[in-house]
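Open the model in your viewer and keep the sequence panel visible. The stops below go from an enclosed space to an open one, and then to the ligand.

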Amino acid sequence: MKIVVIGGTGLIGRQLVPLLQQRGHEVLAASPNTGVNTLTGEGLAAALAGAQVVVDVANSPSFEDAAVLDFFRTSGRNLLAAEAQAGVRHHVALSVVGTGRLQESGYFRAKQAQEDLIEAAGVPYTLVQATQFLEFLGGIAQSAGAGDEIRLSPAFIQPISSDEVAAMLAEVALGAPRNGRVEIAGPERFRLAELVQRYLDLKQDGRRVVADPHALYFGAPLDDATLVPAGAARQGRITFAQWMAR
Ligand SMILES: NC(=O)c1ccc[n+]([C@@H]2O[C@H](COP(=O)([O-])OP(=O)(O)OC[C@H]3O[C@@H](n4cnc5c(N)ncnc54)[C@H](OP(=O)(O)O)[C@@H]3O)[C@@H](O)[C@H]2O)c1
């Protein structure tokens, strides 16, 4: 069948596309770089013609509050309208575990807007909420500010390797729509401040991480339950040590 991967050139998209191709499907990696823009609508109708499944793993180029909200709202509306027109039978989207608990953050308000649009659109869907990618640990350190000493919450985090996210998304995309959420997470739970310190040490980055329960995560406060799955999540197998050893 024809599957369109929106954001097919990104970190998750470029790992997902070959997995679906190996299963014998016709896969279109759609992104501004390949002439498909969900924000402006450019190339969208042509890309979706004949598609049965759409997997949306796009991300906003800007995390600034207004820009990211506009990205997920406008892209979501354009994409879901084009899918309804094309008769798409399954919309799969990648969101983040705890999005509803992170609403003080502009980024997560935008992800919530994306989820709300999908639930209301009437296209059969599966929302996959993943925990933080191991590949994102450097980004988390970066978000905590400049300087030799950064402050991060000691709340729990259960990060997952991006290749396992892609593999689980491929399975979901080839299965029946759940019309609900699936949570996916890594195999180990850490305290965020400690894990980022271990990551920086292994990278021989001299920054020191101070554990501060009041430190905000992309603008939102954290407690031990915010970033980890609430119930039974599908778990990856790749540990932090295995991932670092690569
Ligand atoms: N980072 C995490 O820890 C984490 C955890 C859970 C869930 N997620 C979610 O995972 C998703 C994918 O993240 P990622 O890190 O793989 O993203 P990424 O590497 O930043 O890739 C973003 C993709 O979106 C595309 N894109 C940008 N603007 C677009 C537009 N106007 N129309 C269509 N496509 C557009 C980009 O295309 P070009 O290459 O052409 O620019 C690129 O393919 C995001 O929705 C994020 O919320 C992230």
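Start by selecting Asp 56, Phe 72, Ser 75, Gly 76, Leu 79, His 91, Gln 114 and Ile 118, the residues that line the largest cavity. Keep in mind that this is a predicted model. Colour the selection by element: H3 and H4 are the elements that give two or more residues to this lining. H3 contributes the most, with four residues. Recolour by class and the lining of the largest cavity divides into three nonpolar residues, four polar and one charged.

How much space lies in the largest cavity? The figure is about 40 Å³. There is no second stop of this kind, since the structure holds one cavity of 30 Å³ or more.

Next, turn to the largest pocket, with a volume of about 860 Å³. Select Val 57, Ala 58, Asn 59, Ser 60 and Tyr 107, which lie nearest the centre of this pocket among its 37 lining residues. Then show helix H3 (65–86), strand S4 (90–96) and helix H4 (106–121), the elements that give two or more residues to the pocket lining. H3 and H4 are thus on view again, as they were at the largest cavity. Coloured by class, the pocket lining shows 22 nonpolar, twelve polar and three charged residues.

Now display the ligand, which sits in the largest pocket. Which residues are closest to the ligand? Select Thr 9, Ser 31, Asn 37, Tyr 107 and Lys 111; these are the closest of the 26 residues that surround the ligand. Tyr 107 was already selected at the previous stop, as one of the residues nearest the pocket centre.

Three polar contacts can be checked with the distance tool:

- From the side chain of Ser 31, an N or O atom is 2.8 Å from an oxygen atom of the ligand.
- From the side chain of Asn 37, an N or O atom is 2.8 Å from a nitrogen atom of the ligand.
- At Ile 12, go to the backbone: an N or O atom there lies 3.1 Å from an oxygen atom of the ligand.

Switch on the surface at this point. On its own the ligand has 940 Å² of accessible area, and the protein covers 84% of that.

For the last selection, take the whole shell around the ligand. Which element gives the most to this shell? Strand S4 does, with three residues. S4 and H4 each supply at least two residues of the shell. Coloured by class, the shell has 14 nonpolar, eleven polar and one charged residues.

How values were computed
Residues are numbered from 1 along each chain as its sequence is written. This is a predicted model: local features need pLDDT of at least 70, side-chain atom pairs count only at pLDDT 80 or more; totals for chains, interfaces and linings use all residues. Side-chain values use heavy atoms; hydrogens and water are left out. On a 1 Å grid over the protein atoms alone, a cavity is a set of points where a 1.4 Å probe fits but cannot get out, and a pocket is an open set with protein on both sides within 12 Å along at least five of seven lines; lining residues have an atom within 4 Å of a point. Grid points are joined across faces, edges and corners, and a volume is the space filled by probe spheres set on the points. Ala, Val, Leu, Ile, Met, Phe, Trp, Tyr, Cys and Pro count as nonpolar, Asp, Glu, Lys and Arg as charged, and the others, Gly among them, as polar. A residue is near a molecule or strand if one of its heavy atoms lies within 4 Å of it. A polar contact is a pair of N or O atoms within 3.5 Å; within protein, one must be able to donate a hydrogen and the other to accept it, and residues adjacent in sequence count only if both atoms are side-chain atoms. Accessible areas come from the Shrake-Rupley method with a 1.4 Å probe; for residues, only the protein chains shown count as cover. A molecule sits in a cavity or pocket if more than half of its atoms lie within 2 Å of its grid points.
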